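Hi,

Here is the structure I promised to pass on. Have a look at it first, and then read my notes below.

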Amino acid sequence: MTLEKAQTLIEALPWLARFHGATIVIKYGGHAMTEDHLRANFADDVVFLRYAGLRPVIVHGGGPQINAHLDRLGIESSFTAGLRVTTPEAMQVVRMVLVGQVNRDVVAAINRHGPFAVGLSGEDAHLLTAERKHALVDGAQVDIGQVGEIVRVDADTVVALLDNGRIPVVSSIARGEDGTVYNVNADTAAAALAVALKASKLIVLTDVEGLYADWPHSTDVISAIEASDLAELLPGLSAGMVPKMEACLTAVRGGVPQAHVLDGRKPHAILLEIFTDEGIGTMVRPDTPKERA
C-alpha cells in the first residue's frame, strides 16, 4: 500500500466513525444510471457503504428508459409544467419499465458483489401512498393523469430489510387509497422516504456539479446553503433543478440533517462526498437557530 492510499484511509476515519450505522437515502438517476462504467461505479460505492457500516437505501426513477419504451411502442408522451402526462396506457409502460426493468438492473448490478440488494416498488406493503397531483399552468390546475403526490410513507418493510443487512432498491411508483397506481417523481419519493426513515443524509445524483450561484453567467457551485436561503432561490431555478432542490428542502425541513446534490457523472461521487474532508456538490442544511437578543 502506498503512503497516499494510507492517508486517504486515515482521512476517511472520522467520517466512518460519524456515519457508522447511519441510514443514507440515495436518489439514483441521470448519466450515472445510463452509462455502463458509472453504473458499475455506483454499485461499487453502494456496497462499500454497506461494508463500511452504513445503511444505504436507493430510490430510482427511469425517465430515459421510459421514453425509449414509449417510443418503441408508438405511445405519445408529453410534459406539462415539467411533469409527464401519464395516461392509463402510459402508466402501464411506466410501471413495467421502472419495476420490471430498471429496478431489476440496479439490483443485479449491486448483487454482483453479494446477496445485498432487494427490489421494491412503492406499492409493496403500502410503502408509498399517493393522491392525484395536478399541474399548475397559468394559475389553473390541469389534470395530467396518473401522476401522484406522496401523502403517506410506511417504511416498516425498508427498516426490516436494513436491519437484516440488505440494501433496499425502491422504484418511484405509488398506490392510491382506491388502488390507482401513480407515477411519482423520484426526487420527491427519495425525500419522503428519507424523512420517514429519519435518515442522516439524502443524496440526489444528477447531471450537474451542484447548485450554480449565478447560472448561466457562472459555473461557480454553491457548496453549502441553508434551507430558508434555498427557498428564496427556488422560483428562479431551471425547471430541471427545481424538483431536486425541493427534495433537499423537504428533507432538511423534515428532520434530515443534510441533503446533497452531486454530479453523478463524476466517478465515486458518493464516496467523495461522505468520506473526504472537502466533499463535493451542494449541501443543504437546516437554518442556523437565531440567537435571542
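Lys198 sits in the loop that joins α7 and β11. This is a predicted model, by the way. The phi of Lys198 is positive, about 55°, although the residue is not a glycine. That caught my eye because most residues other than glycine have a negative phi. Lys198 also counts as exposed, with a relative accessibility of 71%.

His126 is another case: its phi is near 55°, again a positive value in a residue other than glycine. You'll find His126 in the loop between β5 (117-121) and β6 (128-137). Is His126 buried or exposed? Something in between: His126 is partly exposed, because its relative accessible area of 42% falls between the 20% and 50% cut-offs.

Two glycines with positive phi follow helices. Gly53 comes just after α3 and has a phi of about 95°, while Gly255 follows α9 with a phi near 110°.

Now for those two helices. α3 has 16 residues and spans 23 Å from first C-alpha to last, close to the expected 22 Å. Its buried residues are Leu38, Asn41, Phe42, Ala43, Asp45, Val46, Val47 and Leu49. It may help to remember that an α-helix has 3.6 residues a turn, so residues three or four places apart point the same way.

α9 (residues 242-253) has twelve residues and reaches 16 Å between its end C-alpha atoms, close to the 16 Å expected. Buried in α9 are Lys244, Met245, Ala247, Cys248, Leu249, Ala251 and Val252. What lies over them? The cover for the buried residues of α9 includes the strands β1 (23-28), β11 (201-206), β13 (258-263) and β14 (282-285), along with the helices α7 (186-196) and α8 (227-233).

Next, the empty space inside. How many cavities of 30 Å³ or more are there? The count comes to one, and its volume is about 70 Å³. The elements that give two or more residues to its lining are α3 (36-51) and α10 (269-275). The largest share, four residues, comes from α3. The full lining is Ala32, Leu38, Asn41, Phe42, Asp45, Leu205, Gly264, Lys266, Pro267, His268, Ala269 and Ile270. By type, these lining residues divide into seven nonpolar, three polar and two charged.

There is also something from the records. An unreviewed UniProt entry places the feature "binding site" at Gly62, Gly63, Arg84 and Asn183. These positions are spread over 122 residues of sequence, yet they cluster in space, with a largest C-alpha distance of 12.1 Å.

I looked at two of those positions. Gly62 is in the loop between β2 (55-60) and α4 (63-73), whereas Gly63 lies in helix α4. Gly62 is buried because its relative accessible area, 9%, is under the 20% cut-off. Gly63 is partly exposed, at 27%. Apart from neighbours within four places in sequence, Gly62 is in contact with Met33 and Leu98.

One last spot to look at is Gly179, in the loop between β9 (173-175) and β10 (181-183). Gly179 counts as exposed, since its 52% relative accessibility is over the 50% cut-off. Its C-alpha is separated by 27 Å from that of Gly74, a residue 105 places away along the chain.

Cheers

Note on methods: Residues are numbered from 1 along each chain as its sequence is written. This is a predicted model: local features need pLDDT of at least 70, side-chain atom pairs count only at pLDDT 80 or more; totals for chains, interfaces and linings use all residues. Side-chain values use heavy atoms; hydrogens and water are left out. On a 1 Å grid over the protein atoms alone, a cavity is a set of points where a 1.4 Å probe fits but cannot get out, and a pocket is an open set with protein on both sides within 12 Å along at least five of seven lines; lining residues have an atom within 4 Å of a point. Grid points are joined across faces, edges and corners, and a volume is the space filled by probe spheres set on the points. Ala, Val, Leu, Ile, Met, Phe, Trp, Tyr, Cys and Pro count as nonpolar, Asp, Glu, Lys and Arg as charged, and the others, Gly among them, as polar. UniProt positions are given in the numbering used here, feature names are shortened, and annotations may be inferred rather than shown by experiment. Buried means under 20% relative accessible area, exposed over 50%, partly exposed in between (1.4 Å probe, protein chains only). Contact means heavy atoms within 4.5 Å. The expected span of a helix is 1.5 Å times one less than its number of residues.
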